[in-house]
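The following questions and answers are intended for a first-year student who is learning to read a protein model. Please consult the sequence and the structure while working through them.

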Amino acid sequence: MSEALSSIPNGMRYYFGREGRLRRAIEETAMSVLDGWSYEEISTPAIDYYSMFERGMGQMEAHRAFRFTDTDGRLLALRPDVTSGIARAVSTLLS
């Protein structure tokens with residue numbers, strides 16, 4: 001079934017104008033507070049190996065992620081959660 005180009009997936013929405021600026025202000029305020037507490041920002045990959053999420057979140061939860069394969073046939077997932085990625089970064093990069 002082909003979706004109309006004017007529609008977006010259920011649960012997704014656009015934020016623009018006043019609402020978009022409010023979201024950005026809230027994010028900047030939260031980041032400022034965390035920076036004051038000496039937290040460092042970390043950005044994990046948006047796409048990662050599905051098996052990492054399956055191990056970190058459990059099979060039932062990970063199964064809800066958007067999954068696809070790379071050109072080598074490895075199963076990947078759009079990051080459904082940041083916990084596993086941050087845990088891996090801490091254990092491999094910050095040890």
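Q: Where does Ser6 lie relative to α1?
A: The model discussed here is a predicted one. In this model, helix α1 covers residues 17-36. Ser6 is therefore found in the segment before α1.

Q: Is Ser6 buried or exposed?
A: A residue counts as exposed when its relative accessible area is over 50%. Ser6 has a relative accessibility of 71%. Because this value passes the cut-off, Ser6 is classed as exposed.

Q: What distance separates the C-alpha atoms of Ser6 and Arg74?
A: Along the chain, Ser6 and Arg74 are 68 residues apart. In space, the separation of their C-alpha atoms is 32 Å.

Q: How far does α1 reach from its first C-alpha to its last?
A: Helix α1 has 20 residues. At 1.5 Å a residue, the expected reach is 28 Å. The computed reach is close to that expectation, at 29 Å.

Q: Which residue with a positive phi follows α1?
A: Most residues other than glycine have a negative phi. The residue in question lies in the loop between α1 and β1 and has a positive phi of about 70° although it is not a glycine. At a relative accessible area of 63%, it is also exposed. This residue is Ser38.

Q: Which residues of α2 are buried, and why are they on the same side of the helix?
A: Helix α2 spans residues 50-57. Its buried residues cover an arc of only 160° around the axis, which means that they lie on the same side of α2. These residues are Tyr50, Met52 and Phe53.

Q: Which elements do the buried residues of α2 pack against?
A: The partners include helices as well as strands. The helices are α3 (59-62) and α4 (83-93). The strands are β1 (47-49), β2 (67-69) and β3 (75-78).

Q: How many residues does α2 give to the largest nonpolar core?
A: In soluble globular proteins, nonpolar side chains tend to be buried together. Here the largest nonpolar core has 6 residues: Tyr50, Met52, Phe53, Ala62, Ala65 and Ala77. Helix α2 gives the most to this core, and its share is 3 residues.

Q: Is Ser84 buried or exposed?
A: Ser84 is placed in helix α4 and touches Met52, Phe53 and Gly56. A residue is buried when its relative accessible area is under 20%. Because the value for Ser84 is 12%, this residue is buried.

Q: What is the order of the strands in the open sheet?
A: Strands of a sheet pair through backbone hydrogen bonds, either parallel or antiparallel. This open sheet has 3 strands with antiparallel pairing. The edge strands are β1 and β2, each of which pairs on one side only. The order is β1-β3-β2.

Q: How many bridges join β1 to β3?
A: The two strands run antiparallel. Within β3, the residue that stands opposite Tyr49 is Leu76. The number of bridges joining β1 to β3 is 3.

Q: What is the bridge partner of Arg67 in β3?
A: Strands β2 and β3 pair in the antiparallel sense over 3 bridges. In β3, the residue that partners Arg67 is Ala77.

Q: Which residue in the turn of the hairpin formed by β2 and β3 has a positive phi?
A: Between β2 and β3 there are 5 residues. One residue in this turn has a phi of about 85°, namely Gly73.

Q: At what angle does α2 run to β1?
A: Helix α2 lies across β1, β2 and β3. The angle at which α2 runs to β1 is about 75°.

Q: Is Leu76 buried or exposed?
A: Leu76 is placed in strand β3. Leaving aside neighbours within four places in sequence, its contacts include Ile47, Tyr49, Tyr50 and Phe68. Because its relative accessibility is 13%, Leu76 counts as buried.

Terms used. Residues numbered from 1 in each chain as written. Predicted model: local features only at pLDDT ≥ 70, side-chain atom pairs only at ≥ 80, totals over all residues. Heavy atoms only, no water. Buried < 20%, exposed > 50% of the residue type's maximum accessible area, 1.4 Å probe, protein only. Helix = DSSP H or I, 4+ residues; strand = E, 2+ residues; numbered from the N terminus. Arc of directions from axis to C-beta. Contact = heavy atoms within 4.5 Å. Pairing = 2+ DSSP bridges. Axes fitted to C-alpha atoms, helices over the stretch in contact; angles between N-to-C directions. Core = buried A, V, L, I, M, F, W, Y, C linked by side-chain atoms within 4.5 Å. Expected span 1.5 Å × (residues − 1).
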